[in-house]
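Here's a short tour for anyone meeting this structure for the first time. Have a look at the sequence and the 3D view, then read on to see how the chains meet.

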Amino acid sequence: MEAVSAAQIIFIVVALLTVATTFLVVTVRNLIHAALWLVATLFGIAVIFVLLDAGFMATVQIVLYIGAIAILIVFAVMLTRRVMQDVGPQSNENWWLGTIVAAVFFAAISTLLWSIRWPALPGAVVGDTVLALGRSLVDPNQYVIPFEVASVMLIIALIGSITLALPGKQSE
Amino acid sequence: MIPTTYYLALSAILFSIGVIGVLVRRNAIVIFMSIELMLNSANLAFVAFAREFGTLDGQLMVFFVMTVAAAEVAVGLALIVAIFRSKASIDVDAVNLLKG
Amino acid sequence: MSPVIGIVIEAIIKSALMVFVLATAFAYLTLAERKIAAFVQVRKGPNRVGPWGLMQPAADGIKLLFKEEMVPAGADKVLFFLAPILTMIPAMVIMAVVPIGPDVELFGRSIRLGISDLNVGMLYILSVASVAVYGIVLAGWSSANKYSLLGGLRASAQMISYEIALGLSIIGPIILAGTMSLQGIITAQQQSTWYVLWQPVGALVFFLAGLAEVNRAPFDMPEAEQELTAGYFTEYSGMKFSLFFMGEYIKMVAVCAIATTLFLGGYLGPYVEQLPWLGILYFTIKTTALLFLMIWIRLTLPRLRYDQLMAFGWKVLLPLALANVVVTATATVLLG
């Protein structure tokens, strides 16, 4: 029995908390609370990114997910706040089917996980992660085309959401 | 040192909870948040593999997933607000007509 | 004493000092604002408590401590309690990466004047700034009051919009210095000159977006007294109110300190190499000058209308910041 390291304790605690908050996201009735549990989950995943030596991704996770995406969701909840008084059933009539599908999916994926022993490859030492990430994104042999496609997609999404949100279109 | 399998197991648990959320809940915003959870668990798996194999490709994929998530949240929330305007509800079961 | 314990003790002392300095800065910033407002409006301002009213902040603090804490009936109790804390903490921790002076020798060891020097310091600042909006949004939502809700909605829309311009405006100094560490940016300015000369547009955009981020006039729509009574903190009283108040003023200090670091050379100044302690003085002078500018703007300019505010952010500041990034990047590549 080897000694439990600090990283392992942090991982176990954060993983348990993240699973708990994730569970709360999909179960609580109050939408604002659900959104805040989502923020907690996102933060937990950021901590796990740090444990995985991906500190830069953790920062991006906080800036992008917590700072932009989750706050937009909170914003949408506030805009549609009448729903908060919604007292009807929160789940649809096929909830048992959905749960079974999810359980089967989980069983399948965990069997797969435990059956494969991941080869412990010697991790290539990456000096400056931020620099390497930046270079890969503009390297013609690596990711420059996906990068450009992603930027075009963002512009399309921008135009699309503006078109959707423009007032006065529904009445015509 | 934590084995990669543990991270992947966590990712699988989060993904499954997200699946339950999408399939079971009726509220469009909750479904939306569950999709974000699923994307995040995929990100977690990508970063875990990036460390396992010692390359940065996994982290780069996370970048693109985050881009997709950002685009999705902009369009999706605009759609939800538009549905709310015309139906006064964001229950996905209420959206059952092609010409709303 | 092992070196690890030494580092921990040093970090704790520096953090405690930073909190103390920020709290004092908050107290005297409120007094300074009232005094300057009085000067501008040809009044005397607070002058009863202590000489020249210098004890006024203490009197205000004691008063706020003993005020009754009110919680609205329909409020979401937990979030109502959490919101002021969530506003306060980002305002405090954002200063952790700002160097307030060069390294100094003290008790036989080299001590950095600044809590930490992350190599992704700018990203840290952006991430903390992006979390700061939660406190305001939650305060607006949990109060169960339509003024608060409107204030919270306005604040979140405004802060998200101006955060983009803010984030883009700091790319200029990062490109010029070639590093995201704030210490590195200051060192780079030591070799060339203050970046406000190379990046006048970036500095302007940063300052204006910073004003909007901390909800200061003329961008104080979320708390516009005439239309929203007090916006998101309408329902707050006592210590919870003072936490919001404190958060806002500490954020002002933080924005000015970061602007000083990025564009005004931080602690640089004459003879700072010979006498490192002078750095703190220069840093304080520059930050105070920017704070004075903020107060001056508030006392001079009227509040923008909400649509003007959004139009200004999206149609003026954002294109300016984008153009600044493109021009800076192109010039850096072409001129080497």
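Two residues count as in contact here if their C-beta atoms, placed from the backbone, lie within 7 Å. Keep in mind that this is a predicted model.

By that yardstick, 14 residues of chain C are in contact with 13 residues of chain A. On chain C's side, the elements giving two or more residues are α4 (121-131), α5 (133-142) and α6 (146-169), and α4(C) gives the most, with six residues.

Now for the other pair. Of the two pairs of chains that touch, A and B have the most contacts: 70 residues of chain A meet 64 residues of chain B. On chain A's side, α1 (6-27), α2 (31-51), α3 (55-79), α4 (95-115), α5 (129-138) and α6 (144-165) each supply at least two residues.

What are these two sides made of?

| Side | Nonpolar | Polar | Charged |
|---|---|---|---|
| Chain A, touching chain B | 51 residues | 17 residues | two residues |
| Chain C, touching chain A | 11 residues | three residues | no residues |

And chains B and C? No contact joins them, and their closest C-alpha atoms lie 13 Å apart.

Finally, the inside. The largest nonpolar core has 172 residues, and the ones touching the most other members are A:A35, A:L38, A:A70, A:I73, B:I29 and C:V253. α3(A) gives the most to this core, with 18 residues. As for C:V253, setting aside neighbours within four places in sequence, this residue is in contact with C:L22, C:A25, C:L29, C:T287 and C:L291.

Technical notes
Residues numbered from 1 in each chain as written. Chains lettered and ligands numbered in written order. Predicted model: local features only at pLDDT ≥ 70, side-chain atom pairs only at ≥ 80, totals over all residues. Helix = DSSP H or I, 4+ residues; strand = E, 2+ residues; numbered from the N terminus. Nonpolar A, V, L, I, M, F, W, Y, C, P; charged D, E, K, R; others polar. Core = buried A, V, L, I, M, F, W, Y, C linked by C-beta atoms within 7 Å. Buried ≥ 20, exposed ≤ 12 C-beta atoms within 10 Å, placed from the backbone.
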